[in-house]
Amino acid sequence: MLLRKALTNSHGGVLLPSFIRNDVLTPTTSAVAYNCLSKRYINLQEYQSKQLMEKNGLQIQKFRIVSDIDQVKNIIDDPTLKANEYVIKAQVLAGGRGKGYFKNSGFKGGVKLTKNKTEIESIVKAMLDDYLITAQTTKDGILVKKVMIAEAIDIKKELYLAILLDRASGGPIVVASPEGGMDIEKVAETNPTAVHKFPISISENSKDLERQLALRIAGEGLGLDGKLKEDAATEISHLYRMFLKLDALQIEINPLGITTQNQVICFDAKMNFDENAMFRHEWMKQIMEENSSEEDPRDRLARESNLNFVPMDGNIACLVNGAGLAMATMDIIHRYGGSPANFLDVGGSVNQAGVESAFKLIMTDKKVKAVLVNIFGGIVNCETIAKGLIAAKNQVTVPLVVRLEGTNAEQAINLINTVPDIISAKNLDDAAQKVVGFTKTT
Ligand code: ADP
Ligand code: MG
C-alpha cells in the first residue's frame with residue numbers, strides 16, 4: 001500500500017496503471033527511490049492526451065473543453081459537435097472518475113452521459129469548482145477546473161490497451177485485455193489470465209511495431225478478429241509510434257471501445273512523460289504551465305523546493321533524507337502501531353531553507369499530531385540540519401521527535417538537547433516509539 005501511494009503524486013495521479021504497477025516495478029525500496037528521485041513524471045489531463053492522440057492519427061471522439069459555465073451554451077449550439085448523446089467528463093489528473101463522487105455536492109459520477117442537451121449545463125455546473133473523489137485520489141479529492149463535453153458513442157465492447165516501460169524486459173511492453181472498462185483492476189485480480197503482456201524488442205522494432213506483431217496483439221491480447229482486428233492493429237501501431245516519438249513512460253487507453261458501428265475508438269487516455277526528455281519537446285513545457293495553475297499548492301511548494309512529497313491518510317508527519325530511508329521510516333511507524341501522514345524525502349543535499357519549506361509543507365496538513373525527523377548524515381552534515389530544525393521549529397505546533405545519525409551526529413544532538421521543545425531519539429526504534437506515543441496520548 002505504501003509503495004502504491006509512493007508511486008502516485010499527491011493528487012493521487014497514477015504513474016503506472018494501478019493494477020499492473022506492482023508487477024512491472026519490483027516492489028523494493030530501491031525501485032521507489034529510483035522512481036521518486038531520478039525523474040519527475042509529467043502527467044497529462046485526458047483532453048491534453050487526446051489532442052496529442054488526434055495529432056498522431058489515433059481515433060478519438062469529438063470533444064470540447066469548458067472552464068466556465070458560460071461557455072456551455074456555445075458548445076450546445078455548435079453544429080460541428082452535434083450528437084445524439086453527450087458524455088460530460090471532469091478533467092482531473094486521476095482515473096476512476098466514472099465511479100467517483102463530488103465532495104461538496106455529493107453528486108455521483110465524474111463521467112456522465114446524457115441525451116438531453118439542456119441537461120449538459122446542470123451537469124457541468126455540478127462538476128466545476130467541486131472536488132472529485134475517486135479510488136485514485138486522496139479523501140480530499142481534486143478540484144475540477146475543466147470539463148470535457150464530447151460526443152457519446154454507443155460502445156459495444158470495452159477493451160484495455162496500454163504501453164509502458166517494463167523493468168523486467170528492459171523495454172516497452174504492450175498490455176492488452178478483452179475485458180477493459182471501469183473494472184479492469186478487478187479483472188486483473190480475479191481473472192489475471194485475461195490480461196496479456198507483449199514485451200517489445202527495441203533492437204528489432206526500434207521505430208515501428210511490425211504489422212504482424214500489432215495483429216497478434218489485437219488478436220491474442222484484445223480477442224478480436226476480422227476487420228476489427230485489422231483496425232485495432234492500426235491503432236496499436238499508431239500508439240506505439242507516438243509512445244516512442246513523445247518519450248512517453250506510459251500511455252493507457254481504457255476503454256479502447258468497439259462501437260455499435262464497428263469502429264475502434266480510444267475513449268479515455270492516461271499518459272505520462274519523462275521530464276528528462278523535455279529538452280526535445282517544447283510542448284511539454286506548455287502542458288506543465290497549463291497544469292500548474294491547477295496544481296495543488298503543496299505540490300507546487302514541494303516541486304519548487306525540490307522535495308519529494310506524497311500526502312497520506314495518517315497523522316505522523318515524516319521528514320527524511322533519502323527515499324529508501326523514507327520508506328523504512330513509514331514502515332517502522334506502522335510497526336509501532338502508528339500511521340504516516342506523508343512520504344517526504346528532502347534529498348541528500350538539503351539545507352536550512354529546505355528544512356523550513358519541508359516543515360511548512362508538513363504543517364499544512366491539519367491531521368498531523370506529531371512530526372518525526374529522521375536524518376542520516378552522509379554528505380549532509382547533521383549539525384547543519386540541527387541548526388535548520390532549531391530555526392524552523394516554531395512552525396511546528398505539535399511534538400517534534402528527531403533522530404540524527406552519521407556525520408557530526410553527536411554535536412547535532414547536543415545542539416538539539418539545548419532546545420526543550422525538540423525530543424531527540426537514540427535510534428530509529430526509539431524515535432518511532434516516541435512519535436507513535438504522542439499520537440496515542442494527545
Ligand atoms: P475513468 O476511467 O476516469 O472512469 P472514462 O473516460 O474511462 O473515465 O469513462 C468511464 C466510462 O464512461 C467508460 O468506461 C465508458 O463506459 C464511458 N464513456 C466514456 N467516454 C464515452 C463516450 N465518448 N461515449 C460513451 N461512453 C463513454
Ligand atoms: Mg477509463
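## Burial and the Phe273–Trp283 pair

Buried means under 20% relative accessible area. In this predicted model, Phe273 and Trp283 are both buried.

The structure holds 3 aromatic pairs. One of them joins Phe102 and Phe107: the ring centres are 5.8 Å apart, the planes meet at 50 degrees, and the pair is tilted. Another is formed by Phe273 and Trp283, with centres 5.0 Å apart and planes at 80 degrees, so this pair is edge-to-face. Phe273 belongs to strand S14 and Trp283 to helix H10 (residues 282-292), so the contact ties together parts that are 10 residues apart in sequence.

## Around Phe102 and Phe107

The two rings of the tilted pair differ in exposure. Phe102 is buried, at a relative accessible area of 0%. Phe107 is partly exposed, at 24%.

Phe107 also meets a charge. The charged end of Lys112 sits over its ring, 5.1 Å from the centre. A similar arrangement involves Lys103, whose charged end sits over the ring of Tyr131, 5.3 Å from the centre.

## The magnesium site

Which residues coordinate the magnesium ion (ligand 2)? They are Asn254, through O, and Asp268, through OD, at 2.2 to 2.3 Å. Asn254 lies in strand S12 (residues 248-259), while Asp268 lies in the loop between strand S13 (264-266) and strand S14 (270-274), so the pair ties together parts 14 residues apart in sequence. Both Asn254 and Asp268 are buried.

Asn254 has a further feature. A cis peptide bond joins Asn254 to Pro255, with omega about 10 degrees. Pro255, too, lies in strand S12.

## A buried lysine

Lys393 sits in the loop between helix H14 (382-392) and strand S19 (400-406). Lys393 is buried yet has no salt bridge. The nearest side chain of opposite charge is Asp421, 4.2 Å away. A salt bridge needs a side-chain nitrogen within 4 Å of a carboxyl oxygen, so Asp421 falls outside the cut-off.

Asp421 is still a contact. Leaving aside residues up to four places away in sequence, Lys393 touches Leu400, Val419, Asp421 and Ile422.

## Positive phi outside glycine

Asp247 has a positive phi, near 55 degrees, without being a glycine. Asp247 lies in the loop between helix H9 (226-245) and S12. Its relative accessible area is 18%, so Asp247 counts as buried.

Asn408 is not a glycine either, and its phi is positive at about 60 degrees. Asn408 is found in the loop between S19 and helix H15 (409-417). With a relative accessible area of 27%, Asn408 is partly exposed.

Note on methods. Residues are numbered from 1 along each chain as its sequence is written. Chains are lettered from A and ligands numbered from 1 in the order in which they are written. This is a predicted model: local features need pLDDT of at least 70, side-chain atom pairs count only at pLDDT 80 or more; totals for chains, interfaces and linings use all residues. Side-chain values use heavy atoms; hydrogens and water are left out. Donors are N, O and S atoms within 2.8 Å of the metal (3.2 Å for Na, K and Ca); water is not among the atoms, so sites may look incomplete. Helices (H or I, at least four residues) and strands (E, at least two) are DSSP runs, numbered from the N terminus. Buried means under 20% relative accessible area, exposed over 50%, partly exposed in between (1.4 Å probe, protein chains only). Rings of Phe, Tyr and Trp (its six-membered ring) pair if their centres lie within 6.5 Å; planes under 30 degrees apart count as stacked, over 60 as edge-to-face and the rest as tilted. A charge sits over a ring if NZ of Lys or CZ of Arg is within 6 Å of the ring centre and within 35 degrees of the ring normal. Lys and Arg count as positive and Asp and Glu as negative; His and the chain ends are not counted. Contact means heavy atoms within 4.5 Å.
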